[in-house]
Amino acid sequence: MSVIKLNQKSYENNLKQIIEKAENPSKIICVFKDNAYGHGAKILAPIPKKFGINFVAVKNEKEAYEIQEFFKNILILSHKPNGNENPQFIYALNEISKVKEYKTGTKIHLKIDTGMHRNGVFVENIEDAFFKIDKAGLILEGIFTHFSSADELDGSFFIQKQKFHQAKILAQKKYDHLIFHSFNSAALFRAQDIPKDELFRIGIAQFGYGDEKLEKILSLYAHKLSERILESGQSVGYGRSFSAYEKIKIATYDLGYADGLFRYNGKGDLALANHKNILGKISMDSFSCEDCGEEICVFNDANLWADFFNTISYEILVKLHPDIPRILV
Ligand SMILES: *Cc1c(COP(=O)(O)O)cnc(C)c1O
């Protein structure tokens with residue numbers, strides 16, 4: 001049975017570093033969307049709580065209910081309003097024209113479009129948005145924005161910061177209790193000046209990515225299903241994409257693309273954590289490689305697989321199937 005091992009010490013170390021940067025655990029919103037980026041929301045949720053973090057962001061209500069007992073404040077990022085919102089949750093208001101579709105009394109954080117152009121209101125329209133929110137009887141608790149290129153800290157980052165600053169000033173004219181947040185992991189770890197009046201929405205840094213001092217917490221393990229000797233010239237797997245050039249002992253392990261691994265097509269060198277290559281194509285529920293014993297670490301650094309598949313660590317991690325057992329080690 002394959003398994004995901006989560007290193008608790010490393011996770012705690014990462015949280016400590018994030019808290020140090022943010023100066024206070026009450027300034028952190030742990031982003032736990034999509035099963036905590038594939039790590040396992042339920043198994044990790046008690047740990048931030050231990051450090052005094054009581055705010056989390058998730059994708060939808062299903063995810064919110066799953067970890068509700070651990071966090072006082074839960075922000076739901078991608079909710080389609082239906083008039084049946086839970087008064088205990090906080091909902092991101094992504095589209096101002098939908099303001100009447102929420103249940104009266106729903107707590108919201110208004111998204112400001114400072115340049116990402118996925119959702120939210122423009123700064124120029126913020127006062128009109130406040131009016132509509134009040135009229136619909138929603139409870140505005142915060143405003144926030146998201147940077148399109150915090151990992152590059154280019155000109156657009158500073159333009160977006162400036163726009164959000166304007167939004168804060170307009171908000172403060174009308175309200176005196178609002179929460180502000182804009183920084184993600186890359187912004188918190190790379191920006192020179194860190195805002196004193198904001199919370200920080202931290203996703204990937206929790207899991208050890210984005211700064212050298214952070215420790216990757218997830219390792220993915222597969223277990224041996226069977227073994228055999230491949231004679232020179234014999235191939236393994238679909239399409240016979242790998243053939244042995246000498247006698248070799250191979251084994252088949254119990255993880256495949258149905259479990260969330262990317263489908264390797266047998267071309268190029270895709271290596272496991274022990275630097276042995278995968279031999280042949282990845283199947284739906286298995287892959288083969290040189291026999292390395294009963295248990296093998298597929299990866300403990302998603303960047304290596306991300307580079308191979310020309311994607312980012314986020315995508316490698318988030319695809320890991322929720323049914324793979326997760327354990328803290
Ligand atoms: C996913 C997400 C984050 C977290 O980003 P990281 O780069 O993982 O820190 C922050 N804010 C929003 C709106 C997000 O969707």
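## A ligand and the spaces around it

The space taken by the ligand is the largest pocket of this structure, which is a predicted model. A useful way to begin is with the idea behind such a search: rolling a probe the size of a water molecule over the atoms shows where empty space is left. The largest pocket has a volume of about 960 Å³, and its lining is made up of 33 residues. Those lying nearest the centre of the largest pocket are Lys33, Tyr37, His146, Asn184 and Tyr314. Several helices contribute to this lining, since helix 2 (33-37), helix 8 (185-190) and helix 10 (313-318) each supply at least two of its residues. Sorted by class, the lining of the largest pocket contains 13 nonpolar, 12 polar and eight charged residues.

We can now turn from the pocket to the ligand itself. The residues that surround the ligand are Val31, Lys33, Tyr37, His146, Asn184, Ser185, Arg201, Gly203, Ile204 and Tyr314, and this shell divides into four nonpolar, four polar and two charged residues. Which atoms of the ligand lie within a few ångströms of particular polar atoms of the protein is worth following on the structure. A nitrogen atom of the ligand is 2.7 Å from an N or O atom in the side chain of Arg201, and a nitrogen atom of the ligand is also found 3.4 Å from an N or O atom in the side chain of His146. With Ile204 the backbone is involved, as one of its polar backbone atoms is 2.8 Å from an oxygen atom of the ligand. Taken alone, the ligand exposes 390 Å², and the protein buries 92% of that area.

The second largest pocket holds about 310 Å³ of space. It is lined by 16 residues, and the closest to its centre are Asp34, Asn35, Lys62, Glu66 and Pro322. Helix 2 gives two or more residues to this lining, as do helix 3 (41-44) and helix 5 (61-67), so that the reader meets helix 2 again after seeing it in the lining of the largest pocket. The lining of the second largest pocket divides into five nonpolar, four polar and seven charged residues.

Finally, the structure holds one cavity of 30 Å³ or more, and the largest cavity has a volume of about 50 Å³. Its lining consists of Lys111, Ile112, Asp113, Thr114, Gly115, Met116, Arg118, Asn119, Thr145, His146 and Gln160, which by class are two nonpolar, six polar and three charged residues. His146 therefore deserves a second look on the structure, for this residue lines the largest cavity and is also among the residues that surround the ligand.

Definitions and conventions
Residues numbered from 1 in each chain as written. Predicted model: local features only at pLDDT ≥ 70, side-chain atom pairs only at ≥ 80, totals over all residues. Heavy atoms only, no water. Near = heavy atom within 4 Å. Polar contact = N/O pair within 3.5 Å; in protein donor to acceptor, adjacent residues only side chain to side chain. Areas by Shrake-Rupley, 256 points an atom, 1.4 Å probe, with all protein chains shown as cover. 1 Å grid on protein atoms, 1.4 Å probe; cavity = no way out; pocket = protein on both sides within 12 Å on 5 of 7 lines; lining within 4 Å. Sits in = over half its atoms within 2 Å of the grid points. Nonpolar A, V, L, I, M, F, W, Y, C, P; charged D, E, K, R; others polar. Points joined across faces, edges and corners; volume = space filled by probe spheres on them. Helix = DSSP H or I, 4+ residues; strand = E, 2+ residues; numbered from the N terminus.
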